[in-house]
Amino acid sequence: MIKKVAILANGGDVSGFNAVIRAIVKTAEHNGVECYGFIDGYRGMLKNEFVKLTSGNSASGILHKGGSIIGSSTNANVFKYPVEENGQTVYKDLSQVCIDNVRNDGFDCIFTLGGDSTQKSARDFAVRGLNVIGVPKTIDNDVACTEITFGYNTAVSVASEALDRLHSTAETHHRIMVLEVMGRYAGWIALESGISGGADVILIPEIPYDIEKAADAIRKRAEMGKKFSIVVVAEGAYPKGGKVSVANERSGGEGVINEQLGGAGQIVAKQLQELTGLTTRCTVLGYMQRGGTPTAFDRVLSTKYGAKAMELALEGKFNVLTVIKNGKLDYVPLEEVVGDNKEIGAVQGGTSQSNVRYVTMDNDLMKTARNIGISFGD
Ligand code: F6P
C-alpha cells in the first residue's frame, strides 16, 4: 500500500505540467495518499527540497496555468552532476544521494514528468531500486512509445495561430513568410502546425531539404498568380549534405546534448529570397510555444495522464510510463522507453543513443501533407 508520493517536473517547461500535477494530487487524495512535489525537478531530489501539494491549497486553481508550480530543471543530470572541486568542474554520480533522500523521506513512488532525458534518468533510478512512474512531456512530441506527449498540442496551436497572423501580412505585402518553430531533432510541431496553418512548404529534420525544390514550389505558386507563400521550418531542419543550425552551446552538463538549435529559419529565408526574387521575412516563434495556458486538449490529456499515473501507483505497477497507444490510455515499461540506451547514467536524452520518436513517412500527417501538395523541399 502506498501512503506518500512525490512528483517532479523536469526538462523544458510545457503548458500542461500543472494539469498533470493537479490530477495526480486529486487522485491521490481520493485514495488517502499524501502528495509532495520536489522543487526544480531532479535537482530538488538531490537537494531534498520539496513542498506538500494539496488540492485545497498549493495545487488549487492551477489547471489552466502555464509553467510548473514546482519548477523544472533543464540541466540536472544527477548521474553526472557538475561539482566544483579544487577550482575545477568535475561531473559526479550523485544518484545515491537522491535515492537516500527519497527513502529517508518515506516516498513510496516518484512521478517523473518529463521528456526522453527525464525518463532515461527515471529508468536508471528504477534499476537502482526506486519506484518510479513516468508521464511523457514535451512540446517536441518525440518521446518513444507514446502517440502524444502533453504540451505538444498547445505548441501546435500557438504555431498555428502565428501562421494565421503571418498569412495576412504575407498576402498584403506579397512576401514569403518563414516561421521557425521548435521541436529539436523532430519535425512534429512544424508538420502539424504547417498543415493546420496552410503552409506551402514545410521543412523538417526527417527530410533533409534541397532549397531549389522549396523555391520551385514557391515559383509554381507565383505562376498560378499566388503572390505570397508560407514556409514552416523546424529548428532542426537542415539541407541535404549539410548540418543542423546551432545558435549556441548550452551548459546542460555531461551525458546530455548541449546544442541550442536556432538559425534554420533565417538561412532558409535568405536563400528563398535570393532564389525567387520575392521579399522574404523570417519569424522565430521560440518560447511562446511553451508558455501560457494549455489548450483544452492538453488539459484533458494531462488530466488523463496524471490520474492514470496515480492509478498505476495504487495498483503497484511501477517503473512504467503512461502512454497513449492506439488512441487509448495505457502504460509501457520504462525499459521499453529507453530502448537500447541501457547503460545507467552514461547518457540521458537528446543524444544519438536516445530512443526518440521521429516523424515517419507513413504517418497520416505526412501522407495528408503530401496529398494536398505541401512541399518538403525534396
Ligand atoms: O525540448 C523542448 C525545447 O523547447 C526544444 O524544442 C528546444 O530545442 C529546446 O527545448 C530549447 O531548450 P532551452 O530551454 O534549453 O533553450
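How many nonpolar, polar and charged residues does the shell around the ligand have? The shell has 3 nonpolar, 1 polar and 5 charged residues, where Ala, Val, Leu, Ile, Met, Phe, Trp, Tyr, Cys and Pro count as nonpolar, Asp, Glu, Lys and Arg as charged, and the others, Gly among them, as polar.

This is a predicted model, in which local features need pLDDT of at least 70 and side-chain atom pairs count only at pLDDT 80 or more, while totals for chains, interfaces and linings use all residues. Residues are numbered from 1 along each chain as its sequence is written, and side-chain values use heavy atoms, with hydrogens and water left out.

**View A. The residues around the ligand.** Ile139, Asp140, Met182, Gly183, Arg184, Glu235, Arg250, Tyr287 and Arg290 surround the ligand (a residue is near a molecule if one of its heavy atoms lies within 4 Å of it).

**View B. Polar contacts of the ligand.** A polar contact is a pair of N or O atoms within 3.5 Å; within protein, one must be able to donate a hydrogen and the other to accept it, and residues adjacent in sequence count only if both atoms are side-chain atoms. The side chain of Asp140 has an N or O atom 2.6 Å from an oxygen atom of the ligand. For the side chain of Glu235 the distance to a ligand oxygen is 2.5 Å, and for that of Tyr287 it is 2.4 Å. On its own the ligand has 400 Å² of accessible area, of which the protein covers 83% (Shrake-Rupley method, 1.4 Å probe).

**View C. The largest pocket.** The ligand sits in the largest pocket, meaning that more than half of its atoms lie within 2 Å of the pocket's grid points. On a 1 Å grid over the protein atoms alone, a pocket is an open set of points with protein on both sides within 12 Å along at least five of seven lines, a cavity is a set where a 1.4 Å probe fits but cannot get out, and lining residues have an atom within 4 Å of a point. The pocket has a volume of about 760 Å³, a volume being the space filled by probe spheres set on the points, which are joined across faces, edges and corners. Of its 41 lining residues, Gly12, Asp140, Arg184, Arg250 and Arg290 are the closest to its centre. The lining has 12 nonpolar, 18 polar and 11 charged residues.

**View D. The largest cavity.** The structure holds 2 cavities of 30 Å³ or more, and the largest has a volume of about 60 Å³. Its lining includes Asp116, Gln119 and Lys120. Helix H4 (116-127) gives the most, with 3 residues (helices are DSSP runs of H or I, at least four residues, and strands runs of E, at least two, numbered from the N terminus).

**View E. The second largest cavity.** This cavity has a volume of about 30 Å³. Its lining divides into 7 nonpolar, 1 polar and no charged residues.
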